[in-house]
Protein chains: 2
Amino acid sequence: MYNFEAFFDYIQEISGKLLSEDDKHLLMVHFKPKKLRKRQYFLQEGDVCRYIGFIVKGSARTFTVDEKGHENVLKLSVENWWLADFESFYLLTPSRFNIEALENLEVLQSTNAQIEEFLKNIPAFSAMQNVISQNYTIASQKRMQAAFSYTAEERYEDLIRNYPHFLKRFPQNMIASYLGLSPETLSRIRKNSFK
Amino acid sequence: MYNFEAFFDYIQEISGKLLSEDDKHLLMVHFKPKKLRKRQYFLQEGDVCRYIGFIVKGSARTFTVDEKGHENVLKLSVENWWLADFESFYLLTPSRFNIEALENLEVLQSTNAQIEEFLKNIPAFSAMQNVISQNYTIASQKRMQAAFSYTAEERYEDLIRNYPHFLKRFPQNMIASYLGLSPETLSRIRKNSFK
DNA sequence: CGATTAACTTGATTTAGGTCACGATAATGA
DNA sequence: TCATTATCGTGACCTAAATCAAGTTAATCG
């Protein structure tokens with residue numbers, strides 16, 4: 001029997017509401033634990049993203065590959081984050097993204113149809129969704145602004161401020177790509193910032 | 001008496017649910033019509049965004065100003081879109097953004113506290129919010145990807161594909177800024193793409 | 001453990017797009 | 001209506017960051 005406590009705590013904390021025993025039961029039945037080893041894929045480009053995953057342990061990156069084979073990291077995800085290409089997940093269209101485990105990964109996953117049920121039947125779950133989409137909206141507003149109006153160096157400083165733990169946890173070339181930089185440029189920025 | 005029909009139609013259509021007479025009454029009481037003339041501000045940097053506005057007529061831009069006085073357009077909004085800095089609106093923190101009317105603007109506006117009420121009491125309204133946040137999440141994902149992995153030219157082509165009416169409606173320098181480009185660069189791209 | 005592969009650094013060179021300057025149109029307003 | 005102020009186009013030049021290349025350090029695995 002998988003331990004759902006951390007998941008329940010997360011939902012209750014972020015939503016500000018309690019889960020009933022029935023709620024918990026429903027979640028336990030329909031969220032399936034899934035393990036991926038480092039470098040395995042949660043989602044591959046061209047596939048429909050049928051599952052949304054809640055990260056219990058580990059980390060992942062969401063990235064695209066352009067015509068020249070150049071990889072582009074759009075998102076780095078760690079514990080207590082949700083994993084999905086939302087466009088593909090909501091609209092059931094083939095995804096343009098890849099999602100790959102950067103460390104051994106444990107997720108709790110469920111389908112679009114099930115999520116609809118949770119939203120209908122579990123008040124804490126739909127309250128959670130509202131909070132998350134608020135947060136997501138705010139975060140993407142910020143990231144957009146960073147992308148367009150900050151220099152490479154400012155974006156790096158911004159990352160240090162907002163996600164200092166990323167620096168320890170992810171290889172530098174992933175961070176570079178996440179910031180929209182070449183690995184060489186990030187290396188040089190770090191060198192200079194030691195002054 | 002202000003004509004709310006277009007607003008009601010919008011809510012019903014996007015949510016897939018009907019509004020009762022009571023619902024409509026509640027909305028009419030708490031959404032206040034507001035008119036802004038071209039160049040007037042809906043929100044100024046440093047202020048808390050106390051109102052969210054639904055655009056009935058006209059258009060607006062959301063932008064920041066950096067230390068060098070350089071303006072940066074993050075969003076262009078037209079009829080049937082919502083106007084707010086969501087971070088400031090939800091968290092009641094001072095905004096880093098400006099929202100300015102690009103054409104004479106008519107909005108229906110309401111406060112955070114009222115929106116909470118609508119979400120609680122009007123099923124169509126909360127269904128609408130879910131759809132909008134899905135759409136918004138998808139749009140942000142796309143815009144993020146465009147910002148990071150497309151060239152200037154690709155971003156422009158993308159805009160032509162997705163929002164062709166923007167080109168007729170907004171001055172070219174606004175479009176340039178929205179795409180993260182200098183006006184000169186956009187002018188040159190347009191020149192080249194005539195081949 | 002040593003061998004292979006991945007991650008990082010540093011230098012030289014290139015390039016996309018920005019900045020500056022100025023003239024041409026077009027829009028706006030007294 | 002003319003004057004003023006935005007907007008747009010084009011050329012010359014500059015710069016931040018990418019690319020290419022090659023060596024170094026660190027991680028991974030049989």
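This note goes through a predicted model of two protein chains and a DNA strand, point by point.

1. **How the copies relate.** Chain B can be laid on chain A with an RMSD of 0.1 Å. The operation is a turn of 180° with a shift of 0.3 Å along the axis. The two copies are thus related as by a two-fold rotation axis. Both use the same surface: 94% of the contact residues of chain B recur in chain A.

2. **Who sits around DNA strand C.** There are 17 residues around this strand. Those that come nearest are A:Gln172, A:Ser187, A:Arg188, A:Lys191 and B:Thr185. By class, the residues of this surface divide into 3 nonpolar, 8 polar and 6 charged.

3. **Which elements supply that surface.** Three helices each give at least two residues: helix 8 (172-178) and helix 9 (183-192) of chain A, and helix 9 (183-192) of chain B. Helix 9 of chain A gives the most, with 4 residues.

4. **Backbone or bases on the DNA side.** Take the atoms of DNA strand C within 4 Å of the protein. Of these, 55% belong to sugar or phosphate, and the rest to bases.

5. **Phosphate contacts.** Three can be listed with distances. A polar side-chain atom of A:Ser187 lies 2.9 Å from a phosphate oxygen of DNA strand C. A:Ser187 is also one of the residues that come nearest to the strand. For A:Asn173, a backbone N or O atom lies 3.0 Å from a phosphate oxygen of DNA strand C. From chain B, an N or O atom in the side chain of B:Ser182 is 3.2 Å from a phosphate oxygen of DNA strand C.

6. **Helix 1 of chain A.** This helix covers residues 5-15. Its buried residues are A:Phe7, A:Phe8, A:Tyr10, A:Ile11, A:Gln12 and A:Ser15. They pack against helix 2 (21-30) and helix 5 (123-149) of chain A. They also pack against strand 3 (51-57), strand 6 (82-83) and strand 8 (105-111) of chain A. Just after the helix, A:Gly16 takes a positive phi of about 75°.

7. **Strand pairing behind helix 1's partners.** Strand 3 of chain A pairs with strand 8 of chain A in the antiparallel sense, over 6 bridges. Here A:Tyr51 stands opposite A:Thr111 in strand 8. Strand 3 also pairs with strand 6 of chain A, again antiparallel, over 2 bridges. In strand 6, A:Trp82 is the bridge partner of A:Phe54. Strands 3, 6 and 8 of chain A are among the elements that the buried residues of helix 1 pack against.

Definitions and conventions. Residues numbered from 1 in each chain as written. Chains lettered and ligands numbered in written order. Predicted model: local features only at pLDDT ≥ 70, side-chain atom pairs only at ≥ 80, totals over all residues. Heavy atoms only, no water. Near = heavy atom within 4 Å. Polar contact = N/O pair within 3.5 Å; in protein donor to acceptor, adjacent residues only side chain to side chain. Nonpolar A, V, L, I, M, F, W, Y, C, P; charged D, E, K, R; others polar. Buried < 20%, exposed > 50% of the residue type's maximum accessible area, 1.4 Å probe, protein only. Contact = heavy atoms within 4.5 Å. Least-squares fit on C-alpha atoms with pLDDT ≥ 70 in both. Pairing = 2+ DSSP bridges.
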